[in-house]
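Here is a friendly walk through one protein chain, taken a region at a time. Keep the model open beside the text and follow along.

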Amino acid sequence: MNKNMSVVNIDTINEDNRKKIEEQSFEEAVVSLTDKLELANSMLKTILETTHDFMIFGLDREYRYLSFNNRHKAMAKEQWGADIEIGTRILDIIENYEECDNLKTFFDRVLAGEQFSSIEEYESSHGGVVVGKNHWAPIKTRTGEIIGIVCFIQDVTENKTSIRDLLKEKNSMDQNMESLSFYDQLTGVYNRKFYDEELVRMDESQQYPLSIIFMTINGMSKINNEYGHAVGDILMRKAVQVLKYGVRGDDVVARYEGDQFVILMPRTEGAKVERALERFKKNMSEIKVQSIKVSVSFGFASKYDETDKTEDVINAAQRQLEKQKELAYI
């Protein structure tokens with residue numbers, strides 16, 4: 001054998017063959033996955049377009065279109081004069097403020113986890129009235145995180161026998177909206193309106209000492225700017241859930257404004273409040289969304305009798321909150 005002749009090593013041949021097989025298997029897997037995705041998208045599109053009885057659309061947490069069928073696309077053009085596309089923000093194309101505000105209320109209820117139906121009347125381009133039954137539901141990941149909205153709108157105008165019943169159903173829903181108006185749509189806790197009424201109700205001797213606690217989530221503006229409002233919303237909801245499920249039955253948790261929340265604790269003062277706040281902080285420190293951990297600040301004060309002015313107690317609690325926020329940023 002010529003010394004200059006390369007010696008073929010059986011291990012080298014086997015390694016080359018193994019690499020070729022792996023590369024071929026990877027390419028086949030990619031092609032297979034691509035084919036499956038195309039098939040799934042094709043099936044979804046077919047379902048959307050062959051469901052003639054419904055207008056269908058989906059939105060993400062920023063109210064941008066994820067999908068829609070041709071019936072909804074035609075309706076958007078007719079009713080709002082807009083040529084919608086995937087990514088179009090629906091609230092930006094509705095010029096009627098009342099309609100826009102009404103729809104946003106529905107969207108936010110779904111994003112807060114509700115699944116429900118509503119009865120709506122629409123004016124057609126021919127001047128007639130179209131009656132639609134809207135079916136609303138959240139879009140969730142496998143872990144239960146809400147990432148969007150889906151709506152099926154059923155045209156029931158021609159079903160003359162049921163329109164009267166549907167409108168009665170709508171009136172009944174409208175009567176129940178007063179109770180819904182006491183809740184913050186994003187977090188599911190009470191809103192400022194309910195807090196104001198409860199503060200008046202609890203401001204009596206039987207509830208003293210009445211502790212008023214303010215909480216803020218530190219750095220929410222920075223989180224929203226760097227990670228997006230969807231991430232900020234998830235973080236806020238998780239933090240507030242700690243409060244919601246950690247208070248007693250008589251306590252009230254409400255969204256005060258922005259990223260600030262308030263808790264009313266009747267018949268509680270001093271050390272008891274501090275123990276509760278330490279428990280809240282500990283549980284919140286375990287929350288993590290992506291790489292972000294929750295950081296919160298608390299401030300509280302107590303009203304011991306009718307000689308204490310409620311406004312002074314609130315101001316004292318908020319001053320303490322501001323001091324805690326400053327310490328959090330040191």
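## A loop with an unusual tyrosine

Let's begin at Tyr 63, which is found in the loop between β1 (54–60) and β2 (65–68). This is a predicted model. The phi angle of Tyr 63 is near 65°, a positive value in a residue other than glycine. Is Tyr 63 buried or exposed? With a relative accessible area of 10%, Tyr 63 is buried.

Another residue is worth a look for its backbone. Arg 267 is not a glycine, yet it has a positive phi of about 55°. Arg 267 is found in the loop between β8 and α8 (270–285). As for its surroundings, Arg 267 is partly exposed, its relative accessible area being 39%.

## The chain as a whole

Stepping back, the protein chain has nine helices and 11 strands. It has 330 residues, and 39% of them count as buried. The accessible surface of the chain comes to about 20,000 Å², with 50% of that belonging to carbon and sulfur atoms.

How are the contacts spread along the sequence? Among contacts in the protein chain with a separation of 6 or more, 56% are between residues 24 or more positions apart.

## An antiparallel sheet of four strands

Now for the sheet. Four strands make an open sheet in the order β7-β8-β6-β11, and their pairing is antiparallel. Why is one side of β7 and of β11 left without a neighbour in the sheet? Strands β7 (252–257) and β11 (296–303) stand at the edges and each has a single partner strand, so one side of each lacks a neighbour in the sheet. From one strand to the next, the twist averages 20°.

A helix joins the picture here: α5 (residues 192–202) packs on the sheet, where it touches β6, β7 and β8 (260–265). The direction of α5 makes about 125° with that of β7.

## The two edge strands

Take β11 to begin with. Strand β6 (residues 210–217) runs antiparallel to β11, and eight bridges join the two. Phe 214 has Gly 299 in β11 as its bridge partner, while Ile 217 stands opposite Val 296 in β11. How many of the eight residues of β11 are buried? Eight of its eight residues are buried, and the strand is mostly covered. Both faces of β11 are covered. One side carries Val 296, Phe 298, Phe 300 and Ser 302, the other carries Ser 297, Gly 299, Ala 301 and Lys 303, and all of these are buried.

At the other edge, β7 is also mostly covered, with five of its six residues buried. Five bridges pair β7 with β8 in the antiparallel sense, and Val 253 stands opposite Ile 263 in β8. The hairpin of β7 and β8 has two residues between the strands, and in this hairpin Gly 258 takes a positive phi near 50°.

## Around helix α5

On one side of α5 in sequence we meet Thr 187, which sits in the loop between α4 (160–180) and α5. Why does Thr 187 count as buried? The cut-off for buried is under 20% relative accessible area, and Thr 187 counts as buried because its relative accessibility is 4%. The side chain of Thr 187 makes a polar contact with the side chain of Asp 184, at 2.6 Å. Leaving out residues up to four places away in sequence, Thr 187 touches Met 236, Arg 237, Val 240, Gln 241 and Phe 261.

The loop between α5 and β6 holds Pro 209. What kind of peptide bond joins Tyr 208 and Pro 209? The bond between Tyr 208 and Pro 209 is cis, with omega about -5°.

## Cysteines

A disulfide is a covalent bond between the sulfur atoms of two cysteines. How many disulfides does the count come to? The count is zero disulfides. Two cysteines can still be described by their cover: Cys 100 is buried, with a relative accessible area of 15%, and Cys 151 is buried too, with a relative accessible area of 0%.

Methods: Residues are numbered from 1 along each chain as its sequence is written. This is a predicted model: local features need pLDDT of at least 70, side-chain atom pairs count only at pLDDT 80 or more; totals for chains, interfaces and linings use all residues. Side-chain values use heavy atoms; hydrogens and water are left out. Buried means under 20% relative accessible area, exposed over 50%, partly exposed in between (1.4 Å probe, protein chains only). Contact means heavy atoms within 4.5 Å. Accessible areas come from the Shrake-Rupley method with a 1.4 Å probe; for residues, only the protein chains shown count as cover. Two strands pair if DSSP finds at least two bridges between them. Axes are lines fitted to C-alpha atoms, for helices over the stretch in contact, and angles run from 0 to 180 degrees between N-to-C directions. A polar contact is a pair of N or O atoms within 3.5 Å; within protein, one must be able to donate a hydrogen and the other to accept it, and residues adjacent in sequence count only if both atoms are side-chain atoms. A disulfide is a pair of cysteine sulfur atoms within 2.5 Å.
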